[in-house]
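This briefing sets out selected features of the structure shown below, grouped by topic for use at the bench.

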Amino acid sequence: FSIYSQSIAALDAARLNLGSTPPLSLDIAGLGSFRNNVVFAKIKEEAQIDELRKIAQVVEDCLMSEQIISPESKAFNPHMTIAKMSKMKWASKKGE
């Protein structure tokens with residue numbers, strides 16, 4: 001198997017394990033950044049954060065079962081990425 005086909009199999013398994021999960025509605029509590037490189041929205045409601053953690057755990061377990069990833073050593077911190085500054089056109093232009 002290629003890493004691509006293993007990834008597809010793992011994500012299919014995660015989708016089956018999650019079943020027919022209703023769409024998530026997220027309330028935003030503000031913005032933050034990681035190392036001044038990634039801008040993200042903070043999730044406001046604890047119940048929404050818990051639901052995102054459950055989904056992430058299912059996906060992580062399925063990816064580990066296919067040996068695509070190893071166990072993550074740091075805790076998952078649910079957020080919504082808004083922008084990666086390194087991907088912005090103006091961020092790569094030095095001296096302007």
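The buried residues of helix H2 pack against helix H1 (3-18) and strand E2 (38-43). These buried residues are Gln 48, Ile 49, Leu 52, Val 58, Cys 62 and Leu 63. The model is predicted, and local features are reported where pLDDT is at least 70.

**Helix H2: extent and end**

- Helix H2 covers residues 46-65, which is 20 residues.
- At 1.5 Å a residue, helix H2 should span 28 Å, and its end C-alpha atoms are 28 Å apart, so the expected span and the model agree.
- Gln 67, just after H2, takes a positive phi of about 60 degrees.

**Buried positions of H2 and their contacts**

- Gln 48 has its place in helix H2.
- Gln 48 counts as buried because its relative accessibility is 12%, and buried means under 20%.
- When residues up to four places away in sequence are not counted, Gln 48 touches Ser 25, Leu 26, Asp 27 and Ile 43.
- Leu 63 is also found in helix H2, and at 15% relative accessibility Leu 63 counts as buried.
- Leaving aside neighbours within four places in sequence, the contacts of Leu 63 are Ala 10, Ile 68 and Ile 69.
- Leu 63 and Ser 7 are 56 residues apart along the chain, yet their C-alpha atoms are separated by 6.9 Å.

**The largest nonpolar core**

- The largest nonpolar core has 5 residues in all: Ala 10, Ala 14, Val 58, Cys 62 and Leu 63.
- Helices H1 and H2 each supply at least two residues of this core.
- H2 provides the largest share of this core, with 3 residues.
- Ala 10, a member of the core, touches Cys 62, Leu 63, Glu 66 and Ile 68, not counting residues up to four places away in sequence.

**Salt bridges**

- A search of the whole structure finds 3 salt bridges.
- In one of them, Arg 15 is paired with Asp 12, and the closest N and O atoms are 3.3 Å apart.
- Arg 15 and Asp 12 both lie in helix H1, where they are 3 residues apart, about one turn of the helix.
- Arg 15 is exposed, with a relative accessible area of 51%, whereas Asp 12 counts as partly exposed at 34% relative accessibility.
- Arg 53 forms a salt bridge with Glu 46, with the closest N and O atoms 3.8 Å apart.
- The side chain of Arg 53 also meets that of Asp 50 in a salt bridge, at 3.9 Å from N to O.
- Arg 53 and Asp 50 are separated by about one helical turn because they are 3 residues apart in helix H2.
- Glu 46, Asp 50 and Arg 53 are joined into one network by salt bridges that share partners.
- Arg 53 is partly exposed, with a relative accessible area of 35%.
- Glu 46 counts as partly exposed at 48% relative accessibility, and Asp 50 counts as partly exposed at 34% relative accessibility.

**A nonpolar patch on the surface**

- Ile 28, Leu 31, Met 80 and Ile 82 form a nonpolar patch on the surface, and together they have about 380 Å² of accessible area.
- Strand E1 (28-34) and strand E3 (79-84) each supply at least two residues of the nonpolar patch.
- Leu 31, one of the patch residues, lies in strand E1.
- Leu 31 counts as exposed because its relative accessibility is 60%, and exposed means over 50%.

Methods:
Residues are numbered from 1 along each chain as its sequence is written. This is a predicted model: local features need pLDDT of at least 70, side-chain atom pairs count only at pLDDT 80 or more; totals for chains, interfaces and linings use all residues. Side-chain values use heavy atoms; hydrogens and water are left out. Helices (H or I, at least four residues) and strands (E, at least two) are DSSP runs, numbered from the N terminus. The expected span of a helix is 1.5 Å times one less than its number of residues. Buried means under 20% relative accessible area, exposed over 50%, partly exposed in between (1.4 Å probe, protein chains only). Contact means heavy atoms within 4.5 Å. Patches are made of residues with over 30% relative accessible area and no salt bridge: like charges are joined within 9 Å, nonpolar side chains (Val, Leu, Ile, Met, Phe, Trp, Tyr) within 5 Å. Accessible areas come from the Shrake-Rupley method with a 1.4 Å probe; for residues, only the protein chains shown count as cover. A salt bridge is a side-chain nitrogen of Lys or Arg within 4 Å of a carboxyl oxygen of Asp or Glu. A nonpolar core is a set of buried Ala, Val, Leu, Ile, Met, Phe, Trp, Tyr and Cys residues joined through side-chain atoms within 4.5 Å.
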